[in-house]
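Take a look at the chain shown here. The walk starts at one residue and then widens to the whole fold.

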Amino acid sequence: HDAQASRLVGLTDGSPAWKKHFAGADMVIEAVFEEMSVKHKVVREMEAIVGPHCIIASNTSTLPIGEIASVAQRPENIVGMHYFSPVPKMPLLEVITHDKTAPAVAAAAVVVLRACGWDLELRALLPPVPLLAAQEALDELRLLCP
């Protein structure tokens with residue numbers, strides 16, 4: 001678990017190297033203020049920096065994922081990953097898709113949960129989508145979780 005945690009990089013847009021680090025990301029999980037204009041700004045800024053394969057996950061609990069994805073150049077790469085809080089008392093994750101979420105992206109959200117060793121339980125995959133095998137999602141998306 002420590003080896004996996006050592007691979008995580010916490011950055012803000014105030015960090016001088018944030019664009020360099022995000023440019024190589026396979027997945028970005030945003031957890032900004034629950035306001036649609038702020039979520040849209042993050043999606044636009046991230047898509048300008050990350051590669052075309054990168055998944056952008058929103059930790060939203062109230063905003064529709066489809067509406068968040070509506071400004072995306074690659075809406076198929078947008079998914080919701082809502083972590084319940086406080087995590088120590090409610091170790092649950094909801095994976096929320098929209099009508100354009102690619103099945104491999106939904107699968108990757110589940111794979112990240114499992115492959116990175118997080119002690120969370122998958123609560124739901126809403127709406128249900130066909131999932132690819134976890135290994136296929138890892139290969140396709142180049143996720144590097146050991």
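In which strand is the place of Glu 30? Glu 30 sits in strand β1, which covers residues 27–30. Keep in mind that this is a predicted model.

Is Glu 30 buried or exposed? Its relative accessibility is 7%. Buried means under 20%, so Glu 30 counts as buried. Its side chain also has a polar partner. A polar atom of that side chain lies 2.9 Å from the backbone nitrogen of Val 32. Now look further along the sequence. Leaving out residues up to four places away, Glu 30 touches Lys 39, Val 42, Ala 57, Ser 58 and Asn 59.

Step back to the whole chain. The protein chain has six helices and five strands. Their order along the sequence is α-α-β-α-β-α-β-β-α-β-α. Of the 146 residues, 45% count as buried. Contacts often span the sequence. Take those between residues at least 6 apart: 63% of them join residues at least 24 apart. On the outside, the accessible surface comes to about 7900 Å². Carbon and sulfur atoms account for 58% of that surface.

Next, the interior. Which residues touch the most other members of the largest nonpolar core? They are Phe 22, Val 28, Met 46, Ile 68 and Ile 78, in a core of 19 residues. Three elements give two or more residues to this core: α2 (18–23), α3 (36–49) and α4 (65–69). The largest share, five residues, comes from α3. Another core lies apart from this one. That other core has 14 residues, including Val 95, Ala 108, Val 110 and Val 112.

How far can the picture be trusted? The mean pLDDT of the protein chain is 78. Of its residues, 66% reach 70 or more. Where is confidence lowest, and where is it highest? Confidence is highest in α4, at a mean of 96. It is lowest in helix α6 (residues 134–141), at a mean of 51.

Two stretches call for care. Over residues 129–135, pLDDT stays under 50. The model has eleven contacts beyond four places in sequence for that stretch. Over residues 141–146, pLDDT also stays under 50. Here the model has 19 contacts beyond four places in sequence. Where pLDDT is low, predicted coordinates should not be read in detail.

Technical notes:
Residues are numbered from 1 along each chain as its sequence is written. This is a predicted model: local features need pLDDT of at least 70, side-chain atom pairs count only at pLDDT 80 or more; totals for chains, interfaces and linings use all residues. Side-chain values use heavy atoms; hydrogens and water are left out. Helices (H or I, at least four residues) and strands (E, at least two) are DSSP runs, numbered from the N terminus. Buried means under 20% relative accessible area, exposed over 50%, partly exposed in between (1.4 Å probe, protein chains only). Contact means heavy atoms within 4.5 Å. Accessible areas come from the Shrake-Rupley method with a 1.4 Å probe; for residues, only the protein chains shown count as cover. A polar contact is a pair of N or O atoms within 3.5 Å; within protein, one must be able to donate a hydrogen and the other to accept it, and residues adjacent in sequence count only if both atoms are side-chain atoms. A nonpolar core is a set of buried Ala, Val, Leu, Ile, Met, Phe, Trp, Tyr and Cys residues joined through side-chain atoms within 4.5 Å. pLDDT is the predictor's confidence in each residue, from 0 to 100.
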